[in-house]
Amino acid sequence: MGRTSDAREKIISAAQSLIELRGYSALGVAEICKTAGVPKGSFYYFFESKEALALTVLDEHWVGQRREWTRVLGGDAAPLERLRQLFEETEASQRAGQQSCGTVSGCLFGNLTLELSNQTEAIRERLQEIFDAQVGMVESVVAEARERGEVAVADPREAARSVVAQLEGQVLFAKLYNNTSQLSVLWANCLALLGARTPQEVAAEA
């Protein structure tokens, strides 16, 4: 059982690495299995298709990312400080990836959205669910900041959607230009988007 589970994890890990490097469409089952170091027959023991594998890669990647987002956004710091930490950790992650493999890998979810959202309905729906969950997590923080008078937004949900879109867009630019300095403006732009107020401004209105 242990060896069987290990083979499955090797396939998932290899698939994620290859998707991040080259995209989904260009990959074949044989290449995935060769990279994973498992027999080709192992693939169909665990996955009925390459699409099924892609969905599993998305799910497992989201489990890890959701855990990190929950840790950051659900912390004890002030809401805007938590949001700033999310942006900083996103930038640090992209920098680490670039140092490791020489290129900015971007966001797995964003990359697959661009590549596959008009090709496979199952993957498109899963990506929608993931992005909706991200927006919901950011919305809670924005709503809390609004209650404290720290941001000026009419609709926390739409503001959160804009924040996530900005985050994805800047990560996309970092990947396009293979330059993580594209991410350095993220936090300043987020504050402007939210109409954030300084502590002094909040205190003056109290």
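Start with the salt bridges: this predicted model has 16 of them. A few are worth picking out one by one.

**Stop 1: the start of helix α7**

Select Glu121 and Arg124 and show their side chains. They form a salt bridge, with N to O at 2.3 Å. Both residues sit in helix α7 (residues 121-147), and because they are 3 residues apart, about one helical turn lies between them. Is each partner buried or exposed? Neither label fits: Glu121 has a relative accessibility of 42%, so it counts as partly exposed, and Arg124, at 26%, is partly exposed too.

**Stop 2: further along α7**

Now pick Arg126 and Glu129. Here is another salt bridge, at 3.7 Å from N to O. Once again the partners are 3 residues apart in helix α7, about one turn of the helix. Arg126 has a relative accessible area of 23%; the cut-off for buried is under 20%, so Arg126 is classed as partly exposed.

**Stop 3: from α7 across to α8**

Next, select Glu139 and Arg157. Their side chains meet in a salt bridge of 3.0 Å, N to O. This pair links distant parts of the chain, with Glu139 in helix α7, Arg157 in helix α8, and their positions 18 residues apart. Color the two by accessibility and you get 24% for Glu139, which is partly exposed, and 24% for Arg157, also partly exposed.

Before leaving the charged side chains, jump to Arg8, Glu9 and Glu60. Salt bridges with shared partners tie these three into one network.

**Stop 4: the nonpolar patch**

Switch to a surface view and select Leu114, Leu172, Phe173, Leu176 and Tyr177. Together they make a nonpolar surface patch of about 540 Å². Which helix gives the largest share of the patch? That is α8 (residues 156-177), with 4 residues. Leu172, one of the patch members, belongs to helix α8 and is partly exposed at 35% relative accessible area.

**Stop 5: Gly169**

Stay on helix α8 and click Gly169. Its relative accessibility is 27%, so this glycine counts as partly exposed. For a distance to draw, connect the C-alpha atoms of Gly169 and Thr120: the two residues are 49 apart along the chain, and the separation is 22 Å.

**Stop 6: Asn178**

Move on to Asn178, in the loop between α8 and α9 (186-194). What is the phi of Asn178? It is positive, about 50 degrees, although Asn178 is not a glycine. Most residues other than glycine have a negative phi. As for accessibility, Asn178 is partly exposed at 31%.

**Last stop: zoom out**

Show the whole chain as a cartoon. You should see 10 helices and 0 strands, so the element string is α-α-α-α-α-α-α-α-α-α when read from the N terminus, with helices numbered in that direction. Along its principal axes, the C-alpha trace spans about 70 × 35 × 30 Å.

Color by burial next: of the 206 residues, 42% count as buried. Turn on contacts, and among those with a separation of 6 or more, 66% come from residues 24 or more positions apart.

With the surface back on, the chain exposes about 10,800 Å², and carbon and sulfur atoms supply 51% of that. Finally, select the charged residues: there are 21 positive and 28 negative charges, and the mean positions of the two sets are 6 Å apart.

Notes: Residues numbered from 1 in each chain as written. Predicted model: local features only at pLDDT ≥ 70, side-chain atom pairs only at ≥ 80, totals over all residues. Heavy atoms only, no water. Helix = DSSP H or I, 4+ residues; strand = E, 2+ residues; numbered from the N terminus. Buried < 20%, exposed > 50% of the residue type's maximum accessible area, 1.4 Å probe, protein only. Contact = heavy atoms within 4.5 Å. Areas by Shrake-Rupley, 256 points an atom, 1.4 Å probe, with all protein chains shown as cover. Lys, Arg positive; Asp, Glu negative; His and termini not counted. Charge placed at Lys NZ, Arg CZ, Asp CG, Glu CD. Patch = residues over 30% accessible without salt bridge, like charges linked within 9 Å, V, L, I, M, F, W, Y side chains within 5 Å. Salt bridge = Lys/Arg side-chain N within 4 Å of Asp/Glu carboxyl O.
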